Every structure is written in structure tokens, then in C-alpha cells.
Amino acid sequence: RRFLTSKEEFHAYLRAGGEPGSQVGDEGEEDKEEDKKEEEEQDNSCQSEPPAKRVRAEDGGNQEDAGEEEKERPERKRARGQNKSRPCMKPNNYEQSRLCPSVTQGSPGKCHFGPRCRFLHDVAEYLAGKPPDLGQRCVLFDTFGRCVYGVTCRFARAHLGDGHRNVVNAALAEQWEGKVLVRSNLSKELQHQLRKRKFSFQKAEEYLRGLKAQEALQGENPKAEALQGEDPKAEALQSPSSRGAAPTIPTVGPLTDEDVTKLRVCEKKKLEIQGKLYLAPLTTCGNLPFRRICKRFGADVTCGEMAVCTNLLQGQSSEWALLKRHHTEDIFGVQLEGAFPDTMTKCAELLNRTIEVDFVDINVGCPIDLVYKKGGGCALMTRSNKFEQIVRGMNSVLDVPLTVKIRTGVQEKVNVAHKIIPRIREWGASMVTLHGRSREQRYTRSADWEYISECARIANPMPLFGNGDILSYEDANRAMETGVSGIMIARQVLVGALIKPWLFTEIKEQRHWDISSRERFDILKDFTNYGLEHWGSDTQGVEKTRKFLLEWLSFLCRYVPVGLLEHLPQRINERPPYYLGRDYLETLLASQNVDDWIKISELLLGPVPPSFTFLPKHKANSYR
């Protein structure tokens with residue numbers, strides 16, 4: 001308890017730079033007055049913490065006047081969930097004058113746009129307006145012996161010679177020559193085919209023709225029954241084959257080579273990940289640099305961020321970037337979200353032919369309204385016919401295993417996963433991951449591991465991974481005792497990998513790691529280096545790295561060091577109190593103030609641009 005402090009003392013300590021005695025005295029009184037003013041002036045600011053509940057004065061005042069004030073006071077909503085109204089933080093331009101890529105690549109005379117080019121071709125003119133460099137060393141030059149960003153690099157002084165010539169370390173560059181570090185890139189040719197709709201989906205279209213033939217034989221297209229209650233209608237969970245319908249793909253017609261050489265289920269590559277640690281697909285924060293951090297700490301299986309199938313089919317570069325795979329990710333999969341069998345089946349065939357993955361996962365656990373209202377995510381658990389058609393269709397066009405991630409159900413006290421899992425196994429999925437919460441619970445309450453254990457017995461022999469409330473090796477041990485094949489370590493609020501990516505090491509070494517503030521800061525430094533490698537070391541890459549670093553800090557600040565806890569381990573759903581760390585850096589890393597996160601980013605990536613603003617994706621993660 002000696003580390004506990006008040007909110008005023010906490011912020012006074014940080015403002016004083018960690019000087020002893022700065023958290024008490026007159027300065028503390030001034031902070032209290034400042035905080036009161038801030039609460040009055042910024043009641044509606046989404047960057048501030050919701051003010052403490054006002055204690056009603058018991059002085060016998062005029063109750064009628066008080067009642068009128070309560071009526072006049074506008075109703076305030078609690079800051080929670082996804083911050084949908086946050087301002088657009090992407091700048092219109094990262095630099096006032098950008099240098100033409102042809103000059104950066106060392107061929108200024110080969111600009112395809114000629115005099116119509118809107119970028120600069122004069123290096124001296126560009127350098128006159130370029131922001132100052134951020135450091136003496138360039139991570140790209142130190143790692144690969146060459147920085148492809150040349151004079152636009154924000155660390156250019158490390159590799160610029162006479163006449164602004166880009167220096168190359170030939171010996172180091174030769175070691176990396178010919179090696180593919182990041183796979184699953186979208187080529188211009190493929191993007192053109194997708195945008196012009198010239199890509200051939202032969203297998204997917206064959207499957208979809210089979211669905212139409214099936215519907216024609218049935219003479220009707222029955223709507224899927226919602227799986228509500230403990231006794232849903234049996235017809236909603238029955239497959240067409242069990243209802244006497246025609247098979248998915250007609251067997252009439254001439255025999256083709258594809259019929260002869262088609263992979264059978266037993267011939268598909270097996271997904272051997274039982275007992276391994278699985279890093280869940282994490283939207284926004286589960287980017288490639290973060291996965292590299294988790295991989296270094298012992299994650300066995302990684303998965304890309306959730307990608308929307310329709311965006312992939314349109315050839316959107318931003319969506320295809322979610323599928324990139326680093327060469328250190330030896331077991332890697334991608335997760336797709338969609339609501340209809342035609343788009344999901346075509347997307348599965350597209351990925352099967354264009355990228356290298358070890359498995360494809362279907363997201364049937366996303367609880368957000370944007371996805372649910374369109375019939376995707378958790379909504380598929382109530383649309384069993386579409387769900388079956390998606391799983392069967394994707395499985396028919398994929399040469400790699402197909403997995404499914406689901407929740408316990410949609411409603412809080414109505415579990416339906418145990419009724420769906422046997423059907424998923426029958427439809428051809430290789431594995432199921434079960435998050436022990438319903439859609440209504442989202443990421444609150446405790447995960448129901450008793451129910452996960454029941455579903456694991458029902459799923460046998462199909463592997464089932466459990467997910468939810470894993471924050472220590474003791475939690476992982478208790479989870480494995482439930483009979484699951486493995487555990488998925490995820491992210492939200494006080495959960496798992498985003499709070500402590502070294503959790504994988506703790507589980508494998510069966511210990512609590514009292515990691516120091518310097519070690520945690522070094523992890524952030526490695527993340528920024530990986531980010532500069534991935535997004536670039538020019539101004540645009542630096543600011544993109546900063547953005548994702550700040551998003552991660554909005555979760556990382558919730559960690560309470562082991563050496564400060566009275567009882568081990570840290571409990572899920574316990575909001576950490578204000579405390580002073582064992583040094584200034586540990587206290588700074590515990591701050592849940594946006595300004596302090598920005599200060600940490602400036603220690604790693606230099607000063608922020610003018611008029612820089614940041615709000616985290618979740619309102620509940622940022623408050624004063």
C-alpha cells in the first residue's frame with residue numbers, strides 16, 4: 001500500500017519530473033484547484049476522465065431548486081466502448097513539399113509523369129523545407145545496410161554522403177539480398193484484376209452454382225431460424241444433407257480432371273497446434289510489429305488482423321496490408337469477416353491462390369454493431385443456413401485448414417455454442433476457438449471456463465481452443481485443466497498480450513516476471529524499430545508508427561508491476577488505482593493520461609508535428 005497515491009499527487013509527481021516531495025504540499029493544493037477547473041471546463045471532452053460522482057450536500061438546501069437544476073443539466077453518457085465520434089487524426093499531408101519517388105530511388109530522369117509531376121525533383125529545395133532529423137542512427141541502415149528512403153528518411157544523416165548521396169553498406173546488404181522478409185504483398189497486376197473484376201473464381205463459382213441448384217430442387221429458400229433459448233428449432237441446426245436435400249455440388253455431368261485431382265479432407269494439411277500458445281487476431285493493435293514482439297516472447301501461433309472479405313475482393317491496399325506475414329512467423333493464419341457465402345467463398349479461393357498461410361479463420365465472434373447489423377461476426381450464430389454455406393464453401397476451395405472463432409452466444413444468459421460446435425465439425429472445420437463470453441457481455445464480466453470445458457468435450461475429436469481472462473501462467477494452467485486443446489491469448493481491457501506481451505514467457509517458464517521499467521521501455525523501443533522497418537523511416541512512416549504505438553500504450557498503461565502487488569496475480573477486470581512506481585519511468589508508464597503517452601512517444605520518435613492530436617480507439621482507456 002505504500003505505493004498507492006491520489007490522482008493529484010500522481011500527476012504532480014509526473015509534472016515535477018519525479019523529484020522527491022513533489023507530490024505533496026502547496027503544489028498538490030494547486031493541482032486540486034486545476035483539476036476542479038478542468039472538470040468544469042471540459043465536462044464533455046472525450047480526452048478527460050469522467051469526473052468523480054458529486055456528493056450531494058446534506059445542509060438542508062432548497063430541494064425544489066436542486067430538482068430544477070437536475071432537470072436542466074444535460075444527460076451525460078458514460079465514456080465507454082468504441083470511440084466512434086473521435087476526430088480524424090490523419091493529417092492531410094505529412095510534409096508541405098514531398099520529394100518525387102523517382103528521385104528517392106536514384107533515377108530522377110525516369111519520372112513517369114514528367115512536367116505534370118506534383119512532387120519536387122530538386123533535392124536542395126526539398127531539404128530546405130524538410131523537418132529536422134530525429135536521431136543519429138537509422139534502423140534500416142543498421143539492420144539491412146541500405147535505407148530505401150534516402151534523403152526523405154528522418155534519420156538520413158546516418159547514411160547520406162557527399163552531394164546527398166545515399167551510402168550503402170555493401171557487406172551487410174549482401175547478406176539480405178534475395179531474402180523475402182515480408183510476404184503476402186498485393187501486386188499491381190492482381191490489384192488491377194480485382195478492380196476490373198477479371199479474376200477467375202472457378203472453384204467458388206462451381207460451389208455457388210451447386211447452391212442455386214440445391215435451392216431449385218428444394219423449391220424454396222427457407223430463412224435460418226435464430227438460435228435463441230436453450231431449445232431452438234431443430235431445423236435451424238440441421239444441414240441440407242440431413243434434411244434430405246441434394247448435395248452441395250451436383251454429381252451429374254462429365255468427369256473432369258478437377259474431380260479426379262481434388263483434395264480430400266484427409267489429404268489436407270493438418271493443423272498441429274495442440275498445446276501451443278496462440279496470439280489472437282487483434283484489430284488495430286495486432287499489427288505486424290506487435291506480432292514480432294509477441295513472437296520474440298514465445299508466441300507459437302500468430303494470426304493477422306480481421307480482414308473484411310469484400311474489401312479484399314475490391315483490391316483495397318489497406319485491407320491487404322493486414323495479411324502481411326513476417327518471415328519469423330512460422331505458423332501464421334489470416335482471419336476473414338463476412339456475412340454471405342458468395343463473397344466469403346470467393347475470398348477464400350483468392351487467398352488460397354495468392355498468399356502463403358497455414359490456416360484461414362472465420363470471425364464469428366466480433367460483437368461490434370457495424371459488423372453484427374450486416375449479418376457478420378456474432379450474427380452468423382443466428383443464421384445457421386448461411387453459416388453452414390460459408391463454412392462448407394470455404395472448406396471446398398481451400399487447400400489449408402479452416403478454423404472458426406465463436407462466442408458462447410448472442411444473449412448473455414443464452415448459450416448456444418454447444419449446439420453449433422458439432423455442426424461446425426460436420427461442416428468440415430479443422431478447429432474451433434471459443435471465447436467464453438456472449439456478444440452482450442462483449443469484454444466485460446469473467447469468461448465462463450466451465451462452459452468452455454463442456455464445449456471442449458462436445459467438440460472432441462476436433463480441437464477446441466479456449467479464450468478469455470488469461471493474464472498469468474496460473475490462469476493458463478487452470479485453463480488447460482479444463483480439457484481444451486490450447487489457449488488463445490487476446491487483448492481487451494485487462495486481458496493478455498496487449499497488457500503484458502511477456503505473458504508468453506511467463507507461461508512457458510511458469511513464473512511471475514517482475515519486469516523493470518527499463519525492460520518495458522526497451523520493448524517499446526523494439527516496437528518502434530520494427531514499425532520503422534514495416535511502415536518506413538520517412539515522415540509518413542514515423543507518424544504511422546507513432547499512431548500504433550499510442551494505441552498500444554492505451555492498453556499497456558493498465559499493467560501493474562508484480563513487485564507492487566499485495567496479492568499475485570493481477571486480477572482481470574480490476575481497474576488499477578493511482579500509484580507511484582519504483583522510479584519515474586515506471587510511474588510514467590502507468591499514466592492513463594493521453595499527454596503522457598505522447599511524451600513517451602516523443603522519447604522514442606522525437607517531437608510530434610504541429611497541431612498533433614490523438615484519441616485512443618476506446619474512450620474508456622483514456623482519462624485524466
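Helices and strands here are DSSP runs, numbered from the N terminus. The model you are exploring is a predicted one. Let's work through it together.

**Exercise 1. Getting an overview**

Find how many helices and strands the protein has, and what share of its residues count as buried.

*Solution.* Start with the elements: the protein holds 24 helices and 10 strands. Next, take the burial: 51% of the 624 residues count as buried. Finally, look at the contacts with a separation of 6 or more: 72% of them join residues 24 or more positions apart.

**Exercise 2. Placing Thr-482**

Locate Thr-482 and decide whether it is buried or exposed.

*Solution.* Step one is the address: Thr-482 sits in the loop that links helix H19 (473-480) to strand E10 (486-489). Step two is the cut-off: a residue is buried under 20% relative accessible area. Thr-482 has 18% relative accessibility, so it counts as buried. Step three is its surroundings. A polar atom of the Thr-482 side chain lies 2.4 Å from the backbone oxygen of Ala-479. Setting aside neighbours within four places in sequence, Thr-482 is in contact with Trp-449 and Ser-453.

**Exercise 3. A loop residue with many names around it**

Work out where Phe-155 lies and which residues it is in contact with.

*Solution.* Phe-155 belongs to the loop between helix H6 (139-144) and helix H7 (170-176). Its relative accessibility is 8%, so Phe-155 counts as buried. Now compare positions: Phe-141 is 14 residues away along the chain, and the two C-alpha atoms are separated by 9.5 Å. Leaving out neighbours within four places in sequence, the contacts of Phe-155 include Asp-133, Leu-134, Arg-137, Leu-532 and Val-542.

**Exercise 4. Checking two helices**

Test whether the end-to-end distances of H14 and H16 agree with their expected spans.

*Solution.* Begin with helix H14 (residues 341-354). At 1.5 Å a residue, its 14 residues should span 20 Å; the end C-alpha atoms are 20 Å apart, so the two values agree. Repeat this for helix H16 (residues 384-397): 14 residues should again span 20 Å, and its end C-alpha atoms lie 20 Å apart, which agrees.

Then turn to burial. H14 is mostly covered, with 10 of its 14 residues buried; among them are Met-344, Thr-345 and Ala-348. In H16, 11 of the 14 residues are buried, so this helix is largely enclosed by the rest of the structure. Its buried residues pack against several elements, including helix H9 (202-218), H14 and strand E7 (402-407).

**Exercise 5. Into the core**

Identify the residues with the most contacts inside the largest nonpolar core.

*Solution.* This core has 136 residues, and those with the most contacts inside it are Met-394, Ile-406 and Leu-464. The helix that gives the most to this core is H22 (residues 539-556), with 8 residues. Now follow Met-394, one of the buried residues of H16. Not counting residues up to four places away in sequence, Met-394 touches Met-344, Thr-345 and Ala-348, among others.

**Exercise 6. Two helices side by side**

Describe how H21 and H22 pack.

*Solution.* First, the geometry: helix H21 (residues 517-535) and H22 pack at about 145 degrees, with axes 9 Å apart. Second, the handedness: H21 passes H22 in a right-handed crossing. Third, the contact itself: H21 contributes residues including Phe-527, Leu-532 and Trp-535, while those from H22 include Val-542, Phe-548 and Trp-552. Leu-532 and Val-542 may look familiar: both are in contact with Phe-155.

Conventions
Residues numbered from 1 in each chain as written. Predicted model: local features only at pLDDT ≥ 70, side-chain atom pairs only at ≥ 80, totals over all residues. Heavy atoms only, no water. Helix = DSSP H or I, 4+ residues; strand = E, 2+ residues; numbered from the N terminus. Buried < 20%, exposed > 50% of the residue type's maximum accessible area, 1.4 Å probe, protein only. Polar contact = N/O pair within 3.5 Å; in protein donor to acceptor, adjacent residues only side chain to side chain. Contact = heavy atoms within 4.5 Å. Core = buried A, V, L, I, M, F, W, Y, C linked by side-chain atoms within 4.5 Å. Expected span 1.5 Å × (residues − 1). Axes fitted to C-alpha atoms, helices over the stretch in contact; angles between N-to-C directions. Left-handed = near helix turned anticlockwise from the far one by under 90°.
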